[in-house]
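Dear colleague,

I am passing on the structure that we talked about, and I would be glad if you kept it open while you read. My notes on what I found follow below it.

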Amino acid sequence: MTLWSGRVGGSLDPAVWAFLHADDAPLLPYDCEASFQHAERLHAAGLLSDAELTEAERRLAEIALDPSGYLEADEDVHSAIERQLGDLGRKIHAGRSRNDQVAAAFRLYVLDACAEARDEIAALALVVLSFAEAEADTLMPGYTHLQRGQPVTLGHHLLAWVEMLDRDRTRFAAAAAAALESPLGAGALAGSTLGLGAAPGQMRNSIDAVADRDFALDYLYAVSVLYTHLSRIGEEIVLWCSGEFGFVKLPENAATGSSMMPQKLNPDVAELARGKAGTAIGRLTGLLATVKGLPLAYDRDLQEDKAPVFAARLDTRLGLQALAALVAGLGVDRERMAAAASDPLVLATDAAEALVLEGVPFREAHERVASSVRDGSFVPVGTAAESVASRGAPGPGGVREALAEARSRWSR
């Protein structure tokens with residue numbers, strides 16, 4: 001039986017039922033939590049007895065731990081919970097609708113997903129940070145346009161990854177803040193005549209409360225930007241472990257082989273992180289397209305909000321964990337990196353700046369050095385190591401201090 005069967009006589013066409021059925025099982029524990037919050041409001045209004053509130057708390061805790069109670073015959077998780085509560089479930093639905101109920105449960109889900117993402121981001125960042133500390137002084141060329149530019153260290157480069165992840169952590173915190181408000185009390189769209197007290201953090205407008213999915217969009221945006229960063233990290237690992245670069249070696253516990261070529265060791269984790277960035281962006285775009293034309297308040301289109309969020313949460317957890325394993329096992333070919341950093345042309349900027357210190361205008365200095373590069377007469381001033389040491393924060397010469405600051409920041 002559905003929660004609205006009193007209005008529709010007979011049974012739905014099987015094709016209609018299959019189309020309407022919600023795939024929302026991951027919401028079960030969160031819906032139980034939101035249901036108990038509503039039960040407390042009913043109790044405070046004298047609509048549930050002390051014994052009924054105690055029973056609701058016990059039964060909802062049991063249901064939350066046993067997903068097997070959600071049957072194929074249930075239209076959605078809300079229907080499953082009400083059915084399992086029996087007569088008590090029929091009372092608890094007073095003063096609320098599936099509209100505010102699903103929004104409340106979904107917000108709790110997103111809050112948990114944001115906390116999980118922040119924890120997994122921190123775990124990856126600490127792995128990268130340890131890697132950067134071990135390679136703080138390992139010389140390598142820095143790149144622009146994927147062409148050698150100036151000498152840096154691997155530690156300094158890896159700290160750029162850490163900074164990207166720190167901004168990701170902030171975005172998930174913002175998404176969590178957006179999900180904190182409660183839509184309970186909004187009912188279907190206009191509240192209830194039962195005189196229930198305000199829910200903690202209650203939203204200001206009942207129509208907005210049931211129609212708003214900005215918090216889900218904020219979460220998917222945070223996942224999308226995170227995956228663009230993971231994609232960039234993955235791309236660099238793919239490049240660095242190639243024969244053409246040879247800067248790192250893949251760990252065998254985080255790489256795959258070829259079904260045909262016996263010699264191959266493939267960076268599949270890095271490639272899949274790169275590939276899933278497109279999927280993450282697609283989920284965000286898809287939900288934006290779903291909500292962009294909906295009239296207020298609730299519309300069944302919003303059933304499409306949960307699948308992309310559920311999938312994004314799984315990809316976020318698995319991707320961050322797999323990349324942490326990959327980065328933790330990377331081996332560094334320091335000689336290969338040092339050889340690349342010893343390319344004399346990476347010191348061309350230093351040569352131009354040395355002329356500036358002698359009083360030559362920079363544009364003239366740039367032209368002189370460029371001319372010597374062009375005719376093959378360029379002679380570098382100093383070494384890559386000296387160049388790195390001369391460029392303090394935010395450059396590579398301040399890497400030790402930057403590492404200490406990052407360690408402090410991520411340990412808080």
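Two residues are said to touch, or to be in contact, when heavy atoms of theirs lie within 4.5 Å. Please keep in mind that this is a predicted model, and that the values below were computed from it.

With that meaning of contact, N99 touches G187, A188, V210 and Y298, where residues up to four places away in sequence are not counted. N99 itself lies in helix α6, which covers residues 98-134, and it counts as buried because its relative accessibility is 14%, while buried means under 20%. N99 and D299 are 200 residues apart in sequence, and yet their C-alpha atoms are 9.0 Å apart in space.

A second buried residue to look up is H157 in helix α7, for which the relative accessible area is 17%. Leaving out residues up to four places away in sequence, H157 is in contact with M140, E236 and W240.

S258, by contrast, is partly exposed at 24% relative accessible area, and you will find it in the loop between β3 (248-249) and α10 (268-291). Its contacts, again without residues up to four places away in sequence, are K264 and N266. S258 and L272 are 14 residues apart along the chain, and their C-alpha atoms are separated by 16 Å.

Next come the salt bridges, of which the count comes to 27. How far apart are the N and O atoms where the side chains of R334 and E135 meet in a salt bridge? The distance there is 2.7 Å, and the pair links distant parts of the chain, since R334 is in helix α12 (residues 334-341) and E135 is in the loop between α6 and β1 (139-144), 199 residues apart. The two partners differ in how they are covered: R334 is partly exposed, with a relative accessible area of 46%, whereas E135 counts as buried at 4%.

Another salt bridge joins R274 to E235, with the closest N and O atoms 2.4 Å apart. This pair also links distant parts of the chain, R274 being in helix α10 and E235 in helix α9 (residues 214-240), 39 residues apart. R274 counts as partly exposed at 30% relative accessibility, and E235 is likewise partly exposed, with a relative accessible area of 30%.

The side chains of K276 and D315 meet in a salt bridge as well, at 3.1 Å from N to O. K276 lies in helix α10 and D315 in helix α11 (residues 306-329), so this pair ties together parts that are 39 residues apart in sequence. Here K276 is partly exposed, at 24% relative accessible area, and D315 is buried, at 10%. Salt bridges that share partners also join E163, D166, R169, E405 and R409 into one network.

Finally, there are two surface patches to find. E181, D208, D214 and D218 form a negative surface patch; of these, D208 is placed in helix α8 (residues 206-211) and counts as partly exposed at 37% relative accessibility. A nonpolar surface patch of about 280 Å² is made by L189, I207 and L296, and L189 is found in the loop between α7 (154-179) and α8, where it is partly exposed, with a relative accessible area of 39%.

With best wishes

How values were computed. Residues numbered from 1 in each chain as written. Predicted model: local features only at pLDDT ≥ 70, side-chain atom pairs only at ≥ 80, totals over all residues. Heavy atoms only, no water. Patch = residues over 30% accessible without salt bridge, like charges linked within 9 Å, V, L, I, M, F, W, Y side chains within 5 Å. Areas by Shrake-Rupley, 256 points an atom, 1.4 Å probe, with all protein chains shown as cover. Salt bridge = Lys/Arg side-chain N within 4 Å of Asp/Glu carboxyl O. Lys, Arg positive; Asp, Glu negative; His and termini not counted. Charge placed at Lys NZ, Arg CZ, Asp CG, Glu CD. Helix = DSSP H or I, 4+ residues; strand = E, 2+ residues; numbered from the N terminus. Buried < 20%, exposed > 50% of the residue type's maximum accessible area, 1.4 Å probe, protein only.
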